[in-house]
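User: I would like to go through this model by question and answer. Please give the cut-off behind each term when it comes up.

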Amino acid sequence: SGNIGWAMAQLTAFAALATLPPQFGFLLFFVFLHSPLHMRSLVSDLPNWPVQRFWVYGSAICIICALGIAVFAPAFFTGQSSLMTAEAFRTLSVLAAPHLLLTLFVEKIRRKTPR
């Protein structure tokens, strides 16, 4: 069932990339493929963490990123393709910092976690 789920996620992302404006296609790719890969690696890297802890941290990161996008790239939410392109790159820059910080945070915890 895991392979079917992964195949469906890939199919969804590819369909979105082929049919939607690139900004939305990339967003769906990020949600259905990139993020699940990170979550799988986090679960294996942090085996002592309960699922609820992942949800709390993940929710906090999503809220912070959405607020950052609303502040630094508000035109992304307009739906106007010409405005969204520039805002998509601003959005990526807003997401890059928390992504890098999370990577450092997880690596620090992973080193402390007994296997």
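The turns below go from the overall fold to particular side chains.

Analyst: This is a predicted model, in which local features need pLDDT of at least 70 and side-chain atom pairs count only at pLDDT 80 or more, while totals for chains, interfaces and linings use all residues. Residues are numbered from 1 along each chain as its sequence is written, and side-chain values use heavy atoms, with hydrogens and water left out.

User: Which element of the protein has the lowest mean pLDDT?

Analyst: pLDDT is the predictor's confidence in each residue, from 0 to 100. Over the protein its mean is 78, and 96% of the residues reach 70 or more. Among the elements, helix 1 has the highest mean, 81, and the lowest, 76, belongs to helix 4.

User: What pattern does the protein follow along the sequence?

Analyst: Helices (H or I, at least four residues) and strands (E, at least two) are DSSP runs, numbered from the N terminus. The protein has four helices and zero strands. Its C-alpha atoms fill a box of roughly 50 × 35 × 20 Å along the principal axes. Read along the sequence, the pattern is α-α-α-α.

User: What percentage of the 115 residues is buried?

Analyst: Buried means under 20% relative accessible area, exposed means over 50%, and partly exposed lies in between (1.4 Å probe, protein chains only). Of the 115 residues in the protein, the buried share is 21%.

User: What is the area of the nonpolar surface patch made by Phe 14, Leu 17, Phe 26, Phe 89 and Leu 92?

Analyst: Patches are made of residues with over 30% relative accessible area and no salt bridge; like charges are joined within 9 Å and nonpolar side chains (Val, Leu, Ile, Met, Phe, Trp, Tyr) within 5 Å. Helix 1 (2–19) and helix 4 (81–112) each supply at least two residues of the patch. One member, Phe 89, lies in helix 4 and counts as exposed because its relative accessibility is 60%. By the Shrake-Rupley method with a 1.4 Å probe, where for residues only the protein chains shown count as cover, the patch has an area of about 520 Å².

User: Is the aromatic pair of Trp 49 and Tyr 57 stacked, edge-to-face or tilted?

Analyst: Rings of Phe, Tyr and Trp (its six-membered ring) pair if their centres lie within 6.5 Å; planes under 30 degrees apart count as stacked, over 60 as edge-to-face and the rest as tilted. The structure holds four such pairs. Trp 49 and Tyr 57 are 5.1 Å apart centre to centre, with 35° between the planes, so this pair is tilted.

User: Which residues form the aromatic cluster with Trp 49?

Analyst: Trp 49 is buried, at 13% relative accessible area, whereas Tyr 57 is partly exposed at 33%. The charged end of Arg 53 sits over the ring of Trp 49, 4.2 Å from its centre; the criterion is NZ of Lys or CZ of Arg within 6 Å of the ring centre and within 35 degrees of the ring normal. The cluster joins Trp 49 with Phe 54, Tyr 57 and Phe 105.

User: With which residue does Glu 107 form a salt bridge?

Analyst: A salt bridge is a side-chain nitrogen of Lys or Arg within 4 Å of a carboxyl oxygen of Asp or Glu, and a search of the whole structure finds one. Glu 107 is partly exposed at 29% relative accessibility, and its partner is exposed at 62%. The two are four residues apart in helix 4, which means a separation of about one helical turn. With the closest N and O atoms 3.5 Å apart, the partner is Arg 111.
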